[in-house]
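Dear colleague,

I am passing on the structure below, and after it you will find notes on how two parts meet and on a pocket. Please read them with the model open.

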Amino acid sequence: MNLLKRMLATCGFSALTAAGLAAGPVQAQDYPTRNITMIVPFAAGGPTDVIARIVTGHMQQTLGQTIVIENVVGAGGTTASTRASKAAPDGYTLITGHMGTHAASVPLYPKLAYHPSRDFEPVGLVAGTPILILARKDFPPKDLKEFVAYLKANTDKLNEAHAGVGSVSYTSCQLLDSVLKINPTGVPFNGTGPAMNALVGGQVDYMCDQIVNAVPQIKGGTIKAYAVATPERNPSLPDVPTTAEAGLPEYQAQAWNAIFAPKGTPAPIVAKLNAALVKALDDEGVKKRLLDLGSVIPKPEERTPESLKKLVDSEITKWSGVLKPLN
């Protein structure tokens, strides 16, 4: 009788174990069954927020569930990234990170509460975003050469807007400052949207920003654009010269936005999310909206989780070399 009880108990335990093992794939197959939260590490209206809303608007059609954007500001996007890294790895909390939160943050924050490469599952690259050198509309210099001379002659009197230490606007202007060998006064904001509003209002002098945030203001004449920091001109702003054309070839900068899930998110769920992202990037309406804002659509081979992992690792190495000597 004791032997029979033990056999029954063993069988029961085995059945429960099998059921438990089967639960993961079944849950992944049914995913998603409720709303998904997409954390955006900056204020509404900034480039990361705009790109996230464009792409997730299409992704939710594919996934059959609403993707709710949640803007979590602070510490150059690292507050939001820390929260996302500690979320349940079930596919219901994601983050739209970028070059700042998932690369430059490593050399800038020695006590960073997460590691971009180790604490996230890469889902896919969303868009490349060229960097522009911008200024308030009444800033005296007429072109980039005059801008450089003016900054060098008036560094102590000028202020440079950014979206917090670790943000793209901060890191890209740190690179510019290092090239020019200047150290202006930095003015932090809770996102590039508020920083841009300050630039439009003439409360700050200049900034470096992702093209997505600036095209409407440049075309509307509310700010100046001196150059785009890429090898070629951007189709959305054909009259804005490259830094090489304008006399500063050593300044090259392009940011990127990508979707990440917490580490341990099941591979089938990551695959579903990636497939939805790829479908969104292939949609003509989505592509037009991103291209009109100056974004660079990633090539098919650049959209995989594996490609994003390599990008993050290479960008951490790159920005560590640039930013560690400055901090």
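Between domain 1 and domain 2 the count of salt bridges (a side-chain nitrogen of Lys or Arg within 4 Å of a carboxyl oxygen of Asp or Glu) is zero. This is a predicted model, in which local features need pLDDT of at least 70 and side-chain atom pairs count only at pLDDT 80 or more, while totals for chains, interfaces and linings use all residues. Residues are numbered from 1 along each chain as its sequence is written, and side-chain values use heavy atoms, with hydrogens and water left out.

Domain 1 comprises 34-127 + 255-319 and domain 2 comprises 128-244, with bounds that come from an automatic or database domain assignment. Contact (heavy atoms within 4.5 Å) joins 30 residues of domain 1 to 26 residues of domain 2. The area buried between the two domains, that is, the accessible area (1.4 Å probe) that both lose on being put together, summed over both, is about 1900 Å², and carbon and sulfur atoms give 64% of that area. On the domain 1 side, Pro47, Ala255 and Leu293 lose the most area to domain 2, together 28% of what that side buries.

As for the largest pocket (on a 1 Å grid over the protein atoms alone, an open set of points where a 1.4 Å probe fits, with protein on both sides within 12 Å along at least five of seven lines; lining residues have an atom within 4 Å of a point), 15 residues line it, and Leu125, Gly128, Gln254, Trp256 and Glu302 lie nearest its centre.

With regards
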